[in-house]
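Look at how the chains of this assembly meet, and at how one chain is divided inside. The report below takes the interfaces in turn.

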Protein chains: 4
Amino acid sequence: MLALAKTKPGPGADLLRLEVPRIAPDELLVKVERASICGSDLPIYNWSAWAPTRLKLPTVFGHEFCGTVAETGPATRDFKKGDFISVESHIYCGLCAQCRNGQRHVCRDLRIIGIDTAGGFGEYARVPARCAWKHKDRSLAQVGSLLEPIGNAVYAALCEEVVGRSVLVLGCGPQGLFAISAAKAGGAKPVIAVEGAPFRMRLAKKMGADVVLSPADPDVLKKIERLTEGGADAVLEMSGAPAAVALGLKAVRSGGRLSAFGIPPRELSVDWANDVVFKGVRIMGIAGREVFKTWYTTDALLRSKALDPRPVVTHSFPLKRFKQGFAVMNAKAKNCGKVVFEIGAAR
Amino acid sequence: MLALAKTKPGPGADLLRLEVPRIAPDELLVKVERASICGSDLPIYNWSAWAPTRLKLPTVFGHEFCGTVAETGPATRDFKKGDFISVESHIYCGLCAQCRNGQRHVCRDLRIIGIDTAGGFGEYARVPARCAWKHKDRSLAQVGSLLEPIGNAVYAALCEEVVGRSVLVLGCGPQGLFAISAAKAGGAKPVIAVEGAPFRMRLAKKMGADVVLSPADPDVLKKIERLTEGGADAVLEMSGAPAAVALGLKAVRSGGRLSAFGIPPRELSVDWANDVVFKGVRIMGIAGREVFKTWYTTDALLRSKALDPRPVVTHSFPLKRFKQGFAVMNAKAKNCGKVVFEIGAAR
Amino acid sequence: MLALAKTKPGPGADLLRLEVPRIAPDELLVKVERASICGSDLPIYNWSAWAPTRLKLPTVFGHEFCGTVAETGPATRDFKKGDFISVESHIYCGLCAQCRNGQRHVCRDLRIIGIDTAGGFGEYARVPARCAWKHKDRSLAQVGSLLEPIGNAVYAALCEEVVGRSVLVLGCGPQGLFAISAAKAGGAKPVIAVEGAPFRMRLAKKMGADVVLSPADPDVLKKIERLTEGGADAVLEMSGAPAAVALGLKAVRSGGRLSAFGIPPRELSVDWANDVVFKGVRIMGIAGREVFKTWYTTDALLRSKALDPRPVVTHSFPLKRFKQGFAVMNAKAKNCGKVVFEIGAAR
Amino acid sequence: MLALAKTKPGPGADLLRLEVPRIAPDELLVKVERASICGSDLPIYNWSAWAPTRLKLPTVFGHEFCGTVAETGPATRDFKKGDFISVESHIYCGLCAQCRNGQRHVCRDLRIIGIDTAGGFGEYARVPARCAWKHKDRSLAQVGSLLEPIGNAVYAALCEEVVGRSVLVLGCGPQGLFAISAAKAGGAKPVIAVEGAPFRMRLAKKMGADVVLSPADPDVLKKIERLTEGGADAVLEMSGAPAAVALGLKAVRSGGRLSAFGIPPRELSVDWANDVVFKGVRIMGIAGREVFKTWYTTDALLRSKALDPRPVVTHSFPLKRFKQGFAVMNAKAKNCGKVVFEIGAAR
């Protein structure tokens with residue numbers, strides 16, 4: 001099979017011809033149809049940040065993907081050849097205290113597909129059956145690789161109710177864009193987005209933001225406070241930019257909630273007394289998605305079209321043009337939303 | 001009347017003879033029986049930290065107190081002369097969105113008695129009737145000034161359920177000591193305390209801590225992880241020491257909760273990616289107490305003796321010996337729990 | 001002033017000329033602009049069911065109304081002449097354990113305006129200031145009497161999150177119709193309504209129901225189960241018809257929720273073992289609205305137009321044509337939604 | 001192996017010599033150490049109520065048991081020969097919407113061990129590995145068959161927080177007795193029990209009830225209201241007696257919670273308007289235990305000795321004296337708590 005692998009330290013990746021993976025008894029072999037590039041695939045491709053210390057080479061990477069079941073291990077239940085599935089990238093053990101208390105996404109023994117194990121940027125991939133989300137039909141086939149990242153956004157936005165509440169989304173990369181839409185679907189009003197790249201500001205509008213502000217605007221905090229009558233009920237920090245975390249902690253109202261999803265590149269300075277304690281806020285770390293609670297909500301929002309992710313998919317390439325895909329994502333101008341690889345889509 | 005006032009910048013305070021305050025229509029005049037020193041009274045007395053920029057002098061200070069109603073304003077309901085009351089120090093407006101949504105403790109227009117208005121270190125004090133907690137009888141008279149600080153600890157400990165869960169309490173000043181007891185009353189097991197002062201380590205044991213560790217122990221984190229099988233379900237940060245916040249963020253398990261009550265003296269460095277996002281924790285800012293939800297719980301725990309605060313009251317003085325009271329609290333050795341002024345206790 | 005009063009036992013009511021009410025210190029005098037007929041006004045008008053044993057005659061009735069403040073008692077805060085307000089009909093004491101724990105709607109000493117005290121079917125009415133919802137502006141003036149009943153529907157629908165979940169609404173009187181719209185605003189999908197009167201079935205569609213079924217359809221349960229893949233995540237019982245309660249308990253999925261709002265005319269037979277215990281359902285009694293949590297949500301949904309109640313207002317009369325208003329409501333055919341009296345609307 | 005089976009319609013059961021069960025790939029073979037009689041085993045033994053229509057004969061019954069793993073199916077993970085386990089009797093599919101949303105106890109495809117499949121009243125039993133609770137050690141071996149029924153009580157008592165709240169327990173069979181203790185462990189105060197059998201009234205005291213009342217007392221409701229200042233914050237209906245359900249609905253305070261665990265023998269008459277809607281109560285159907293959330297709490301309470309179930313175990317027999325065990329349970333006088341069969345306990 002054809003697969004995109006990281007074979008040696010340094011920037012880039014190699015398209016290789018490899019053997020189709022052999023599955024364990026509790027695994028599925030998936031014929032990959034579509035896979036998408038996550039922000040966390042960039043350090044792997046660029047060989048920067050955390051990637052060199054975590055990955056063992058060589059390895060196929062990529063963890064947002066969907067496809068059809070090609071083979072089922074003897075210890076699996078409920079799957080058969082031809083089932084269309086999306087993949088939960090968090091391999092949870094299912095046995096630890098967190099897994100057995102509704103918190104599989106922070107399993108004590110968590111491994112991530114495409115980072116700690118072989119991933120989905122290839123024609124075939126193996127996944128534990130417990131990490132497969134079986135679709136009822138093929139109606140979400142076009143966006144099947146996106147359920148995983150949309151799940152992040154849905155969990156970040158809706159981990160507490162937002163109906164009739166004000167929501168501030170910081171950063172309008174794909175996750176922020178999905179989060180805008182998830183907040184709208186949950187009844188939030190107004191939804192305010194902060195983003196600097198013009199291309200993504202336009203996408204934010206398209207995805208339903210009532211107002212889009214630039215982080216460079218010196219009055220951005222004042223404007224948020226005016227639009228929210230004193231502070232946002234919920235802030236969704238989707239960027240990881242230290243300045244955005246700081247803005248979010250100032251912009252959330254006393255007694256409000258901040259969902260922390262973006263990954264800052266380093267430690268942050270936090271005004272713990274004034275921004276956390278005295279304000280009585282709740283800061284919710286968002287690591288992945290609730291498995292499978294969030295998946296049910298995401299599936300329902302996609303099927304009912306309350307959340308339409310298609311405007312976010314700005315680029316789509318065959319796997320062999322992977323360099324273009326990563327170049328688009330790496331470009332400073334950020335003239336992109338999500339980049340999808342079309343690998344083996346059924347007709 | 002006799003009252004302890006801050007009359008001029010600089011350390012110390014003055015015991016003055018003042019006129020009995022005149023009340024507004026929605027206020028009560030309280031004949032103060034007991035008042036206690038809060039950690040936040042020290043900057044006022046010492047004229048350090050935030051105090052010089054916030055207080056308007058001269059002013060009577062003190063915000064933990066109880067007493068009997070001596071006079072009722074014409075716009076008050078439900079109170080009569082002789083009622084025994086404890087005081088909620090957060091003057092909430094009752095009209096803003098937070099107040100009308102169950103979050104009076106973070107009222108948009110919050111003022112604190114004894115900081116923003118005249119306080120309770122005197123023979124009489126005026127309080128808005130809506131901030132008075134009317135006792136059914138005098139059975140809690142001895143500890144009447146403590147319901148306010150115990151409320152902080154109860155809210156910090158029990159803002160999420162702890163029955164059968166592991167709880168780590170960082171810092172065993174009066175608030176930490178009360179928090180140990182509140183966690184025990186809520187069914188937590190084990191309750192682990194971290195404190196460096198030997199006097200307070202002994203008090204922590206007395207209040208029910210299953211294990212007391214020193215923050216100077218180089219293996220403190222490892223020991224916590226062993227005792228909690230990988231991390232505490234809930235961490236109560238009651239000290240404000242930056243090292244304690246850092247320890248708490250490491251010691252809370254993935255998917256666990258950290259209550260942030262202690263006030264650090266400056267901004268903190270936080271490993272937001274690893275300690276907040278990836279761990280999927282919930283950080284709860286604890287500003288005061290839920291008004292009056294926490295008061296009902298606190299009252300019930302005190303009446304049932306599930307929480308017995310008396311070991312924490314290590315010193316008690318008449319108001320005229322106020323210098324001794326503050327000296328005990330200011331001492332480096334921390335050989336004290338709570339210091340109470342006996343002012344006009346009924347017999 | 002002109003007011004509609006119940007003066008003697010028996011059906012009907014009398015339009016009288018009365019003195020403008022005198023207010024207590026904590027009350028407001030309201031110049032009534034609009035008032036609407038609640039289902040519970042019918043037993044009063046018809047002198048049936050619970051009304052004869054509860055009401056003390058003579059009395060003005062009516063409890064859904066809005067208007068402008070004409071006078072403020074000296075013990076009130078935050079109101080001034082000319083403020084536009086809607087009225088919370090539940091007079092809560094503000095002092096009992098329920099009131100002080102976020103459950104004012106079930107105050108231990110609850111009285112209802114227009115039932116236990118004089119009501120709003122008149123040119124002026126007195127209301128405790130604590131029961132007044134002050135509008136920011138007059139943008140909701142046309143629907144100002146409806147916030148109270150819409151609040152019931154919002155609380156019934158959104159007392160637990162519904163985003164991406166299936167909701168079944170039983171009964172499409174005004175409350176059921178509002179509940180359809182509240183569920184949609186909260187992201188529910190699908191929203192299925194059950195109603196027998198053709199006029200109201202059409203209104204249900206207009207308010208956003210995805211499917212409308214007749215209770216007379218022998219396959220109604222099967223159809224609900226098919227549409228919801230085995231049972232509704234949430235059932236909103238808005239009718240009080242014993243058959244609807246029974247249908248709701250069968251149609252809710254195991255582990256789902258049933259909001260009980262409708263008032264049955266008599267005791268019900270419940271299959272407690274199979275429909276409550278074994279299914280592990282949650283039955284939520286809905287008595288009014290959360291004061292003021294629900295009001296904030298309702299206000300936000302109305303202002304953002306996520307909930308547009310206007311199609312439900314099918315009839316509108318001046319107060320002197322009150323007989324027509326009650327005739328419309330009493331008619332068997334149920335060719336109506338909400339009936340509103342235009343009393344003293346400002347221009 | 002020796003096992004107690006129901007072989008034909010009619011009262012009684014037969015002790016048979018059977019082949020050791022053969023396990024499926026995802027199952028464990030358990031060498032049973034102890035098993036206990038559940039109230040729901042009586043209809044099976046007596047061949048009454050629902051049993052004749054549900055059971056397929058012949059079958060071994062019994063669903064409360066513990067033991068050591070004797071053999072592991074090839075598709076199981078995390079178990080090895082010799083592990084000491086307790087058994088979750090609800091065989092959940094793990095794949096349906098309820099199972100994947102934290103509600104395995106009400107799985108759409110639920111089967112009960114010992115009712116729908118062969119049970120644990122024998123020397124060996126087969127159980128799906130996903131239904132086994134692996135103990136860390138043998139410290140709970142004496143009470144290992146009780147985790148399942150204690151779990152019911154823990155879930156009924158603690159499905160909402162009870163710290164500092166009043167709890168009323170209706171019926172003091174084993175489940176009610178465990179529930180008293182669970183409520184105490186969670187910080188409830190007071191805990192009031194209602195029971196008619198003198199033997200069980202004494203046990204209720206022993207398990208921690210602050211007050212025990214007789215249902216025959218004509219003032220029972222008044223006494224409860226006085227002890228709880230107007231109504232219990234939480235009612236745990238553990239008996240299934242229609243009169244107890246009725247008492248519970250009257251005795252719960254407005255805005256309070258009723259856990260419905262007991263199984264009435266027939267439909268009930270409920271005053272839905274006054275006892276459910278107007279009071280704004282929450283009725284929680286309790287079907288089994290949350291899998292495995294409740295198990296973690298139960299395990300922690302047993303290990304910390306916050307809940308000591310031993311006084312409830314009043315009788316213990318070898319399996320061959322099963323007739324005595326059932327006779328004790330069937331006796332009118334109710335001079336028993338839990339009856340345990342000692343089957344193959346390790347030394």
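What follows covers two chain interfaces, one domain boundary and the salt bridges.

This is a predicted model.

## Three interfaces side by side

The table sets out buried area and the share on carbon and sulfur atoms.

| Interface | Buried area | Share on carbon and sulfur |
|---|---|---|
| Chain B and chain A | about 3,100 Å² | 58% |
| Chain B and chain D | about 1,300 Å² | 51% |
| Domain 1 of chain A and domain 2 of chain A | about 1,200 Å² | 72% |

## Chain B against chain A

How many residues does each chain bring to this contact? Chain B gives 36 residues and chain A gives 37 residues. The two chains bury about 3,100 Å² between them. Carbon and sulfur atoms give 58% of that area. On the side of chain B, W272(B), V277(B) and I283(B) stand out: they supply 21% of the area that chain B buries against chain A, more than any other three residues.

The polar side of this interface carries no ion pairs by the rule applied: the count of salt bridges between chain B and chain A is zero. Polar contacts are present, with 15 residue pairs, both partners at pLDDT 80 or more.

Which elements of chain B give two or more residues to the side that touches chain A? They are β15 (252-260), β16 (268-270), α8 (272-277) and β17 (282-285). β15(B) gives the most, with five residues. By residue class, the side of chain B that touches chain A divides into 19 nonpolar, nine polar and eight charged.

The two copies superpose with an RMSD of 0.0 Å. The operation is a turn of 180 degrees with a shift of 0.0 Å along the axis. The same surface serves both copies, since 100% of the contact residues of chain B recur in chain A.

## Chain B against chain D

Here 18 residues of chain B are in contact with 18 residues of chain D. Chain B and chain D bury about 1,300 Å², with 51% of it on carbon and sulfur atoms. Three residues lead on the side of chain B: E161(B), V163(B) and R165(B) supply 33% of the area that chain B buries against chain D, more than any other three residues.

Two salt bridges link chain B and chain D. K136(B) forms a salt bridge with E229(D), and their closest N and O atoms are 2.8 Å apart. The interface also holds four residue pairs in polar contact, both at pLDDT 80 or more. Helix α9 (residues 293-303) of chain B gives the most to the side that touches chain D, with five residues. That side of chain B divides into six nonpolar, five polar and seven charged residues.

What rotation superposes chain B on chain D? A rotation of 180 degrees does, with 0.0 Å of shift along its axis and an RMSD of 0.0 Å. That is therefore the relation of a two-fold axis. In chain B, the C-alpha of G186(B) is the nearest to the axis, 2.7 Å from it. The same surface serves both copies: 100% of the contact residues of chain B recur in chain D.

## Inside chain A

The domain assignment gives chain A domain 1 (2-148 + 290-342) and domain 2 (160-285). Their centres, taken over C-alpha atoms, are separated by 27 Å. The contact takes 15 residues from domain 1 of chain A and twelve residues from domain 2 of chain A.

About 1,200 Å² is buried between the two domains of chain A, and carbon and sulfur atoms give 72% of it. In domain 1 of chain A, L307(A), V312(A) and K334(A) lose the most area to domain 2, together 36% of what that side buries. Zero salt bridges are found across this domain interface. One residue pair is in polar contact there, both at pLDDT 80 or more. The side of domain 1 of chain A that touches domain 2 of chain A divides into nine nonpolar, three polar and three charged residues.

## Salt bridges overall

Over all chains the count comes to 94 salt bridges. One salt bridge joins the side chains of K184(A) and D210(A), at 3.3 Å from N to O. K184(A) lies in helix α4 (residues 174-185) of chain A, and D210(A) lies in the loop between α5 (198-206) and β13 (211-213) of chain A, so the pair ties together parts that are 26 residues apart in sequence.

How values were computed
Residues numbered from 1 in each chain as written. Chains lettered and ligands numbered in written order. Predicted model: local features only at pLDDT ≥ 70, side-chain atom pairs only at ≥ 80, totals over all residues. Heavy atoms only, no water. Contact = heavy atoms within 4.5 Å. Buried area = accessible area lost by both parts, 1.4 Å probe. Salt bridge = Lys/Arg side-chain N within 4 Å of Asp/Glu carboxyl O. Polar contact = N/O pair within 3.5 Å; in protein donor to acceptor, adjacent residues only side chain to side chain. Helix = DSSP H or I, 4+ residues; strand = E, 2+ residues; numbered from the N terminus. Nonpolar A, V, L, I, M, F, W, Y, C, P; charged D, E, K, R; others polar. Least-squares fit on C-alpha atoms with pLDDT ≥ 70 in both. Domains from an automatic or database assignment.
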